[in-house]
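User: Could you take a close look at the disulfides of this protein for me? I am in my first year, so please go through them slowly and connect one step to the next.

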Amino acid sequence: MNWLWIVAFVVPACTVPYNSTAGREGDNGDNGDKGHCALQHGALGTEVLLRCPATARGVAEWRQGETVLGTYPAPGLVLPNASLAHEGHYSCHHPVTGETWATICLQLGYPPRAPVVECWAISYPQAVNCSWVLAPEPLLDTEFVATYRHGVSGANDEMGECVRTGPRSCSFGDVQMFSLIPYMVNVTATNPLGTASSLLPFLLENIIKPDPPEDLRVSPIPGETKKLLLEWSPPRSWPFPEYFPLKYRIRYCQEEGSVGKTIGPYEQTSYTLTGLQPGTLHHIQVAAKDVTDSGEFSAWSPPASGTPWMEP
C-alpha cells in the first residue's frame, strides 16, 4: 500500500520574550543593547516586519548590532526577501537621543513540510521501526510527535505512542501478525512557523525488511583452486530465525572493478562458490529476506574478500 495523507498548517512570524547575548551560528553575533530581547522567527524568502512598539506615530532609528541602518516610520523595519544574512540582533531607538526602545533577536527558517516517513519490520514479528526526514531542513528547532494505531478509521482504535529511539526515529511493538487491517503511523512536525503531519498506512508483512546478514566469512578450500566457502549468520536483530527463517542471495565480483554476479536465493547460511578464476581475489556480499518472500531484501552486508586455494 502506498497511501499517504499530508496536512500542513503555517502560522505567521511570531515574537516571544528571549534572553540572550549570543547569536545563533550564522548571524552576526552582535547585540547593540546586550540585554533583554524579544525572539522573533520569520520565514526565509518572505517579507519580515520588525515592529518597534514606541513608534505608533513617528519614526525610529534601527540598528543591526552596532551598525546603524537608518530611520524608518511605523510600524517598523521591513526586510524584503529575508535571507540568513538578515539574522541577528536588531534594536530600535529614539532618533535624537538614541534611547533604546526595543531589541529583537531574529531567527529565520522554514515552516516544516510534511515529514517523509518510512517504516520497516527489521525485528519481525516483535517490533516496527520508523524514521523520517524533512526537506528542506527547517533550520529552526522542530519538535516531533509520533503515534500509531491499528486501523484506518480511528473511531474505535486506540492510539499508541511510537517510542522515540532517536531525534527522527521511533519504534513500537505488540504487533498483530497476518492482520489484513493496516497499521497507521502519524508523525507531526512543529516549529515556531507552523505544523505539518504525515500519515503512513501499511500491512505488517509488507514492510518486513531484515538487517543485513552478519559475520560473513570467506575461506579457501584446500585442494580446490576454483572454489571459495562462504559462511554467515542471520542479523542479531532478527529475533527468531528458527521459526521465521530467512533466505539469502549472494553478490560477488573479481578485483579491478569487474562486473559482479548475483545468485540465489538460498535458505542455508553457507554456500560454496564454484567456477572461480584461480589465484584471483573475489569480493562477496550477502542480503537477506523473509523466506515467505514478504517485504523486501535487506541491504547488502559489508563486503568480505578471499582468494581460492593456490598450490604451495
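Analyst: What follows is a walk through the disulfides, one pair after another.

The model is a predicted one, and a search of the whole structure finds four disulfides in it. If the bonded cysteines are counted along the chain, their pairing follows the pattern 1-4, 2-3, 5-6, 7-8. Three of these links are described below.

Let us begin with the link that joins Cys52 to Cys92, where the distance from S to S is 2.0 Å. Cys52 sits in the loop between strand 4 (48-51) and strand 5 (59-64), whereas Cys92 belongs to strand 8, so this pair ties together parts that are 40 residues apart in sequence. The angle about the S-S bond is 80°, and the link of Cys52 and Cys92 is right-handed. To decide whether a residue is buried, we ask whether its relative accessible area is under 20%. Cys52 has a relative accessible area of 4% and is therefore buried, and Cys92, at 0% relative accessibility, counts as buried as well.

The next link joins Cys119 to Cys130, with 2.1 Å from S to S. Here Cys119 lies in strand 10 (residues 116-120) and Cys130 in strand 11 (residues 127-133), so the disulfide ties together parts that are eleven residues apart in sequence. The torsion about the S-S bond of Cys119 and Cys130 is about 110°, and therefore this disulfide is right-handed. With the cut-off given above, Cys119 is buried because its relative accessible area is 4%, and Cys130 is buried because its relative accessibility is 3%.

A further disulfide joins Cys162 to Cys170, and its S to S distance is 2.1 Å. The torsion about the S-S bond of Cys162 and Cys170 is about 85°, so this disulfide is right-handed. As for their surroundings, Cys162 is buried, and Cys170 is buried too.

One more cysteine is worth a careful look when we consider accessibility. Cys253 has a relative accessible area of 24%, and because buried would require a value under 20% while exposed would require one over 50%, Cys253 is described as partly exposed.

To bring the steps together, Cys52 and Cys92 link a loop to strand 8, while Cys119 and Cys130 link strand 10 to strand 11. You can follow each pair in the structure by finding its two cysteines and then tracing the chain between them.

How values were computed. Residues numbered from 1 in each chain as written. Predicted model: local features only at pLDDT ≥ 70, side-chain atom pairs only at ≥ 80, totals over all residues. Heavy atoms only, no water. Disulfide = S-S within 2.5 Å. Helix = DSSP H or I, 4+ residues; strand = E, 2+ residues; numbered from the N terminus. Buried < 20%, exposed > 50% of the residue type's maximum accessible area, 1.4 Å probe, protein only.
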